Amino acid sequence: MKKKDENDFYFKDEPKQTLKIPTEVLGQSDSLELDLEKDLSENEMLVGRNSRCVPVDTFSFAPLGRKGKKVFKGKGDLVKFRCSVYEKKLLKVKSKRSGLTLSEYIRRSLFEQEITERFTEEHITLYKMLIKYHNNFKSIGNMYKKRNPKLTQEVYDLANEIKVHLKKFQP
């Protein structure tokens, strides 16, 4: 069996190419200088004077190295508790109204953190309507300020009551 020479290098998809050198040329000197070149494509290489069989150029796509994988160090432990079907539905409804997940809602209520409910469309329309009423009563009170101070005070009191209800909407 013939032992492979270290300098025999060829691609698998290319047939092996040989170079025949006449003995007269080899007899004149101990070494022979070759300049062989091929067109560079994906599977071809350039062979020159100081060529090596192993390519030396390396491509570093990430010059600073790979970024470390981010490890999620969040909530990992599981806590279970029993409740009735009604209690579970009530918790789901309240968590949905507040815009939180069920577990986040329970966690916040357990640790007595602030839980704000999100406005529904009905709440938003009522809030806008109360703002309009408040502004209208204030302007009505300003119109009768000099003519009827008692009526002005009554209208201002009503506007202040509306403002108290508006503040209940806000967290």
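Helix α3 makes the greatest contribution to the lining of the second largest pocket, supplying five residues. The structure is a predicted model, and the description below begins with this pocket before turning to a pair of helices.

The second largest pocket has a volume of about 480 Å³. Its lining comprises 15 residues, and those nearest the centre of the pocket are V79, K80, F81, S103 and I106. Two helices, α2 (85-98) and α3 (102-110), each provide at least two residues of this lining. Sorted by class, the lining of the second largest pocket contains eight nonpolar residues, five charged residues and two polar residues.

The second topic is the packing of α4 against α5. Helix α4 spans residues 121-143 and helix α5 spans residues 149-169; the two pack at an angle of about 160°, and their axes lie 9 Å apart. Because angles over 145 degrees count as roughly antiparallel, α4 is roughly antiparallel to α5. The crossing of α4 past α5 is left-handed.

Which residues form the contact between α4 and α5? On the α4 side, the participants are H123, L126, Y127, L130, I131, Y133, H134, F137, K138, I140, G141 and N142. They meet T152, V155, Y156, L158, A159, N160, I162, K163, H165, L166 and F169 of α5. By class, the residues of this contact between α4 and α5 divide into 14 nonpolar, seven polar and two charged.

Note on methods. Residues are numbered from 1 along each chain as its sequence is written. This is a predicted model: local features need pLDDT of at least 70, side-chain atom pairs count only at pLDDT 80 or more; totals for chains, interfaces and linings use all residues. Side-chain values use heavy atoms; hydrogens and water are left out. On a 1 Å grid over the protein atoms alone, a cavity is a set of points where a 1.4 Å probe fits but cannot get out, and a pocket is an open set with protein on both sides within 12 Å along at least five of seven lines; lining residues have an atom within 4 Å of a point. Grid points are joined across faces, edges and corners, and a volume is the space filled by probe spheres set on the points. Helices (H or I, at least four residues) and strands (E, at least two) are DSSP runs, numbered from the N terminus. Ala, Val, Leu, Ile, Met, Phe, Trp, Tyr, Cys and Pro count as nonpolar, Asp, Glu, Lys and Arg as charged, and the others, Gly among them, as polar. Axes are lines fitted to C-alpha atoms, for helices over the stretch in contact, and angles run from 0 to 180 degrees between N-to-C directions. Angles under 35 degrees count as roughly parallel, over 145 as roughly antiparallel, 65 to 115 as roughly perpendicular and the rest as oblique. A crossing is left-handed if the near helix is turned anticlockwise from the far one by less than a right angle, and right-handed if clockwise. Contact means heavy atoms within 4.5 Å.
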